[in-house]
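Here's a quick briefing to read with the structure open beside you. Take a look around first, then work through the points below.

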Amino acid sequence: MLRRLWKRLNEGKYASFEQLTQQDVGKKEIIITASTVCTANLEGVSILVDEKAAFVSKGNIKGNIVSKGGKVIIYGEFEGYLHSLGLLQLKKESVISGDIICSELIVSPGGKMDGTFTFSSPNQEISIDIEPLSQRERDWLERV
């Protein structure tokens with residue numbers, strides 16, 4: 001996947017591309033506004049994904065991911081709360097656990113899921129327990 005992503009970037013198909021690395025460890029909140037690949041192991045972090053961005057995780061993440069419509073693609077491990085109004089894609093050998101809410105889900109053979117999953121359509125109102133979310137994450141979702 002990364003090879004294809006780099007190829008598309010070099011062909012000019014993505015306007016911008018960023019990377020989260022071990023240097024980003026310790027940040028409590030990361031806002032993704034452009035296509036981003038995370039190779040770091042992050043713990044206790046809140047990742048907020050804008051509606052036009054794609055977030056690709058190859059590392060291990062413990063925390064919250066809130067997407068306003070952008071793609072979230074997991075190659076590594078994720079544990080925590082994930083709310084995506086866009087596509088959630090689990091790749092081969094990915095492991096995801098926790099409270100997951102998404103409108104679209106693609107699981108490749110070998111992807112593993114454990115936790116509470118809720119599927120929502122864009123027009124459907126769902127009631128969720130937002131206790132695990134910070135005020136900033138709640139505000140991020142309400143702006144949709």
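A disulfide is a pair of cysteine sulfur atoms within 2.5 Å. By that test, this structure holds 0 disulfides. Keep in mind that you're looking at a predicted model, so confidence comes up before anything else.

**How confident is the model?**
- The chain's mean pLDDT is 76, and 66% of its residues reach 70 or more.
- Over residues 8–17, pLDDT stays under 50, and the model gives this stretch 12 contacts beyond four places in sequence.
- Residues 126–130 also have pLDDT under 50 throughout, with 8 contacts beyond four places in sequence.

**The overall layout**
- You'll find 2 helices and 10 strands in the chain.
- Their order along the sequence is α-β-β-β-β-β-β-β-β-β-β-α.
- Take the contacts between residues at least 6 apart in sequence: 13% of them join residues at least 24 apart.

**How the strands pair up**
- Strand 8 and strand 9 run parallel, joined by 12 bridges.
- In that region, Leu 90 sits opposite Val 107 of strand 9.
- Strand 9 also runs parallel to strand 10 (residues 112–119), this time with 8 bridges.
- Asp 99 faces Thr 116 of strand 10 as its opposite residue.

**What's tucked inside**
- Of the chain's 144 residues, 43% count as buried.
- The largest nonpolar core has 21 residues, and Ile 47, Phe 55, Ile 65, Phe 78, Leu 82 and Leu 88 touch the most other members.
- Several strands give two or more residues to this core, among them strand 4 (42–49), strand 6 (60–67), strand 8 (77–90) and strand 9 (95–107).
- A core like this fits a broader habit: in soluble globular proteins, nonpolar side chains tend to be buried together.
- Leu 82 is a good one to click on: beyond four places in sequence, Leu 82 touches Ile 65, Val 72, Leu 88, Ile 96, Asp 99, Ile 100 and Ile 101.

**Two cysteines to find**
- Are Cys 38 and Cys 102 buried or exposed?
- Cys 38 counts as buried because its relative accessibility is 0%, below the 20% cut-off.
- Cys 102 is buried too, since its relative accessible area is 0%.

**The outside**
- About 8000 Å² of the chain is exposed, and carbon and sulfur atoms supply 45% of that area.

How values were computed: Residues are numbered from 1 along each chain as its sequence is written. This is a predicted model: local features need pLDDT of at least 70, side-chain atom pairs count only at pLDDT 80 or more; totals for chains, interfaces and linings use all residues. Side-chain values use heavy atoms; hydrogens and water are left out. pLDDT is the predictor's confidence in each residue, from 0 to 100. Contact means heavy atoms within 4.5 Å. A nonpolar core is a set of buried Ala, Val, Leu, Ile, Met, Phe, Trp, Tyr and Cys residues joined through side-chain atoms within 4.5 Å. Buried means under 20% relative accessible area, exposed over 50%, partly exposed in between (1.4 Å probe, protein chains only). Helices (H or I, at least four residues) and strands (E, at least two) are DSSP runs, numbered from the N terminus. Accessible areas come from the Shrake-Rupley method with a 1.4 Å probe; for residues, only the protein chains shown count as cover. Two strands pair if DSSP finds at least two bridges between them.
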